[in-house]
Amino acid sequence: KQWYQRRVRASKQALVTAKRALEKTTATDVISAMPSTEQRRYEELSARGASTWVTTLPLQEHGFVLNKQEWWDAMAMRYGFELEDVPHTCPCGKINNIEHSLSCARGGFVYMRHNQLRDLTANFLHEAG
């Protein structure tokens with residue numbers, strides 16, 4: 001009887017291992033068939049901690065509050081949708097999309113991000129004394 005139970009357990013474990021290997025192969029095939037921008041988005045979304053901002057407490061004093069438009073923009077960026085009410089052409093003359101806006105020093109969000117980080121750091125330092 002013990003021999004039979006060990007054999008059944010080993011067979012179940014072999015099936016689970018084979019199923020996981022097949023799932024991993026299938027997932028790898030699907031990911032490799034995606035366009036490079038979608039592959040990068042998948043990697044970013046599946047990274048550890050990538051969704052923590054969604055459940056962060058909205059603390060006004062630390063700037064951890066999004067208004068409705070900011071939240072919808074964040075969701076659009078997260079899932080690769082086009083942002084609404086964004087000019088099609090950047091002030092630098094290039095086509096304005098999310099990737100360009102996040103990296104353009106002239107018309108993008110580089111200065112905004114810098115200033116927000118600067119202000120947040122200044123507030124923390126002020127509170128620390």
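**Notebook: pockets, Asp119 and the cysteines**

I began with the lining of the largest pocket and sorted its residues by class, which gave 22 nonpolar, 12 polar and 14 charged. I note here that the model I am reading is a predicted one.

**Entry on the largest pocket.** I looked up the volume of the largest pocket and found about 1900 Å³. Its lining comprises 48 residues, and I wrote down Leu66, Glu70, Ala74, Met77 and Leu102 as those that lie nearest the centre of the pocket. I then asked which elements give two or more residues to this lining, and the list holds helix H2 (36–46), helix H3 (68–79), helix H4 (98–103) and helix H5 (110–128).

**Entry on the second largest pocket.** For the second largest pocket I recorded about 150 Å³ of space. The residues that line the second largest pocket are Gln69, Trp72, Asp73, Met75, Ala76, Phe81, Glu82, Leu83 and Glu84. Sorted by class, this lining has five nonpolar residues, one polar residue and three charged residues.

**Entry on Asp119.** I turned next to Asp119, which I placed in helix H5, an element that also appears among those giving two or more residues to the lining of the largest pocket. Is Asp119 buried, partly exposed or exposed? I entered Asp119 as partly exposed, because its relative accessible area is 37%, a value that falls between the limits of 20% and 50%. The side chain of Asp119 is joined to that of Arg118 by a polar contact of 3.0 Å. I also checked Asp119 against His62, and the two residues, 57 apart in sequence, are 9.9 Å apart in space when taken from C-alpha to C-alpha.

**Entry on the cysteines.** I searched the whole structure for disulfides and the search returned zero. Cys90 is accordingly in no disulfide, and the nearest cysteine sulfur to that of Cys90 belongs to Cys92, 3.6 Å away. Why is there no bond between the sulfur of Cys92 and the closest cysteine sulfur, in Cys90? The 3.6 Å between these sulfur atoms is too far for a bond, because a disulfide needs a pair of cysteine sulfur atoms within 2.5 Å.

I then looked up how accessible each of these two cysteines is. Cys90 counts as buried, because its relative accessibility is 4%, and the limit for buried is under 20%. Cys92, by contrast, I entered as partly exposed, because its relative accessibility is 30%.

Notes:
Residues are numbered from 1 along each chain as its sequence is written. This is a predicted model: local features need pLDDT of at least 70, side-chain atom pairs count only at pLDDT 80 or more; totals for chains, interfaces and linings use all residues. Side-chain values use heavy atoms; hydrogens and water are left out. On a 1 Å grid over the protein atoms alone, a cavity is a set of points where a 1.4 Å probe fits but cannot get out, and a pocket is an open set with protein on both sides within 12 Å along at least five of seven lines; lining residues have an atom within 4 Å of a point. Grid points are joined across faces, edges and corners, and a volume is the space filled by probe spheres set on the points. Helices (H or I, at least four residues) and strands (E, at least two) are DSSP runs, numbered from the N terminus. Ala, Val, Leu, Ile, Met, Phe, Trp, Tyr, Cys and Pro count as nonpolar, Asp, Glu, Lys and Arg as charged, and the others, Gly among them, as polar. Buried means under 20% relative accessible area, exposed over 50%, partly exposed in between (1.4 Å probe, protein chains only). A polar contact is a pair of N or O atoms within 3.5 Å; within protein, one must be able to donate a hydrogen and the other to accept it, and residues adjacent in sequence count only if both atoms are side-chain atoms.
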